[in-house]
Amino acid sequence: MALNLLEQEPAHPKLSTPAVHAQAEALRFAFAQALQFCADPAEPGSPSPDALLDKAFAARRWKSLFDPRRRAEGVSPDGSVLEARAGPDTVYLCAADRWGNACSFINSNYMGFGTAIVPEGCGFTLQNRGHNFIVREGHPNCVGPSKFCYHTIIPGMATHEDSGELFAALGVMGGFMQPQGHLQVLCGMADYGLDPQAALDMPRFCLEGVDSALGPESVLGAELLLEEGVPQETEAGLAAMGHRVRRVRGWSRTVFGRGQIISRDPATGVLVGGTEPRADGAVLAW
């Protein structure tokens, strides 16, 4: 959803004020929709994925919300999407072979040790991903039997639109940083021609405070965290646009997620891997 919004904007210089502003706003607008409407598709009030991913809808939303000069003040979910209805303890890994087959996989206990419940004789704890259910009656993501909940486990896979060939298997762990990290590393590779390692090395931003329990309202007060390495003039420019910016250094940079990527050159079949510099991942070739 955020990438569809960002398609409406020309590519700006890497890590410049216009580039980070547009990417951050695209994520804010997309979170406002996702936190309201992403739920079990069988539930009333849940638009179809095709409706949420409709490029014409994204173009209308971008035109109505995005201001290239300032951070948008009011960001609410657009209920017109319903008209199209047809009805941090995480590990990420990816693998690819010479033929272009790939696997993108995330496993997570979620918060701490998950539930801290160990099934007898099994040696592992049960996860507590149910944390992201909503308990408000009438909300499409309200907890209930046999429902798929909206949460932050989203291993990524990107293909070339014209051929369907693998572009990259990728994942950036870290709660609601996951889609934000995906957008930033994809922009790094697709817009700026970076290889996977350079895309992962690039300084990141993070909208802090997005919360499924608080819903779309949480996007309004989200603070824009900037990793050390983002140019000072970009930080100043974003602050002048109305973003609530804060620079993050040292160990606290874990808030920007931890990712792994394997990309494939469709012409040669060459695979290129990159691993998170903020954690202890590895790239292995066999």
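1. Start with helix α5, residues 177-190, in this predicted model. Helix α5 lies across three strands, β3, β4 and β8, and its direction makes an angle of about 140° with β4.

2. Those strands belong to an open sheet of 4 strands, and reading across it you get β3-β4-β8-β9. The pairing is antiparallel. At the edges sit β3 (156-159) and β9 (271-275), each with a pairing partner on one side only. From one strand to the next, the twist averages 10°.

3. Now look at β4 and β8 inside that sheet. Strand β4 covers residues 166-173 and β8 covers 258-264, and 6 bridges join the antiparallel pair. If you want a landmark for lining them up on screen, take Val172, whose bridge partner in β8 is Gly259.

4. There's also a hairpin worth a look, made of β1 and β2. Here 8 bridges join β1 (residues 89-96) to β2 (residues 102-110), and the two strands run antiparallel. Across the pair, Tyr92 stands opposite Ile106 of β2. The hairpin has 5 residues between its strands, and Gly100 adopts a positive phi near 90°.

5. Which loop holds Arg204? You'll find Arg204 between α6 (196-201) and β5 (205-208). Is Arg204 buried or exposed? Its relative accessibility is 2%, and buried means under 20%, so Arg204 counts as buried. Its side chain has backbone oxygens to talk to: a polar atom of the Arg204 side chain lies 2.7 Å from the backbone oxygen of Phe256, and for the backbone oxygen of Leu200 the distance to a polar atom of that side chain is 3.4 Å.

6. Last stop is helix α4, residues 55-65, and how its two faces divide up. Its buried residues are Phe57, Ala58, Arg61, Trp62 and Leu65. Why do they end up on the same side of α4? Because they cover an arc of only 130° around the axis. The spacing is easy to follow if you recall that an α-helix has 3.6 residues a turn, so residues three or four places apart point the same way. The face turned away from the buried side carries Arg60, Lys63 and Ser64, which are exposed.

7. What covers the buried residues of α4? The cover includes three other helices: α1 (2-6), α2 (17-37) and α3 (49-52). At the N-terminal end, α4 is capped by Asp54, with a side-chain oxygen 3.2 Å from the backbone nitrogen of Ala56.

Terms used: Residues are numbered from 1 along each chain as its sequence is written. This is a predicted model: local features need pLDDT of at least 70, side-chain atom pairs count only at pLDDT 80 or more; totals for chains, interfaces and linings use all residues. Side-chain values use heavy atoms; hydrogens and water are left out. Two strands pair if DSSP finds at least two bridges between them. Axes are lines fitted to C-alpha atoms, for helices over the stretch in contact, and angles run from 0 to 180 degrees between N-to-C directions. Contact means heavy atoms within 4.5 Å. Buried means under 20% relative accessible area, exposed over 50%, partly exposed in between (1.4 Å probe, protein chains only). A polar contact is a pair of N or O atoms within 3.5 Å; within protein, one must be able to donate a hydrogen and the other to accept it, and residues adjacent in sequence count only if both atoms are side-chain atoms. The arc is that of the directions from the helix axis to the C-beta atoms.
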